[in-house]
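Let's work through some exercises together, one step at a time. Keep the structure open beside you and try each task before you read its solution.

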Amino acid sequence: MDKRGFIRTLEAVIAVIVVFVFIYSVGRGGYESTREVDSIKSLQESILSEISKNDVLRECIVNTPPNQLKNIEKDGSRCGEVDTFIKESLPPRFLKKYRFNVCDPKNLGEGCQPPDFRDSTRVYTSAVIITSSLKGDGTGTYSPRILRLWFF
């Protein structure tokens with residue numbers, strides 16, 4: 001048996017294995033990152049969807065005066081149940097890593113600024129427009145609000 005031919009064949013097989021391991025490890029890293037982003041987006045959208053379907057939460061958000069919207073997260077008397085609902089819907093890893101705000105689309109400069117995320121390397125956000133239920137008899141007012149949720 002020719003030893004040089006055997007060694008060259010072994011080197012070629014090892015090189016092919018190394019190339020496949022490299023391709024697998026590089027491709028796998030991007031896939032897991034995409035999967036994490038998709039799961040966070042799905043979580044945010046499901047929470048926002050449930051809030052938009054809940055009449056009590058929706059009415060509270062819409063009926064809060066525009067000058068009090070920026071305090072909606074911190075002040076329990078103004079729609080504290082929105083914060084409670086979000087906390088109950090979150091997995092434990094996000095309980096201290098989320099923020100939300102409600103703002104009036106007519107005045108985007110006031111209360112629509114993102115919170116401070118200095119220590120975070122990644123921030124994920126999603127938003128929904130919340131409006132009141134307009135009655136068929138012409139009663140009710142159209143005063144939409146933007147509810148934005150951040151995870152960091």
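**Exercise 1. Find the strand that holds V128, then list the contacts of V128.**

Step 1: V128 lies in strand β2, where strands (E, at least two residues) and helices (H or I, at least four) are DSSP runs numbered from the N terminus.
Step 2: Leaving aside residues up to four places away in sequence, V128 touches L48, S52, R145, I146 and L147; contact means heavy atoms within 4.5 Å.
Step 3: V128 and E45 are 83 residues apart in sequence, and their C-alpha atoms are 8.4 Å apart in space.

A word on the source: this is a predicted model, in which local features need pLDDT of at least 70 and side-chain atom pairs count only at 80 or more, while totals for chains, interfaces and linings use all residues. Residues are numbered from 1 along each chain as its sequence is written, and side-chain values use heavy atoms, without hydrogens and water.

**Exercise 2. Work out which parts the salt bridge of E36 and R122 ties together.**

Step 1: Side chains of opposite charge can pair when their charged atoms come close.
Step 2: The side chains of E36 and R122 form a salt bridge, at 3.8 Å from N to O (a side-chain nitrogen of Lys or Arg within 4 Å of a carboxyl oxygen of Asp or Glu).
Step 3: E36 belongs to helix α1 (residues 3–53) and R122 to the loop between β1 (98–103) and β2, so the pair links parts 86 residues apart in sequence.
Step 4: In total, the structure holds five salt bridges.

**Exercise 3. State how confident the prediction is for the chain.**

Step 1: The chain averages a pLDDT (the predictor's confidence in each residue, from 0 to 100) of 82.
Step 2: 81% of the residues score at least 70.
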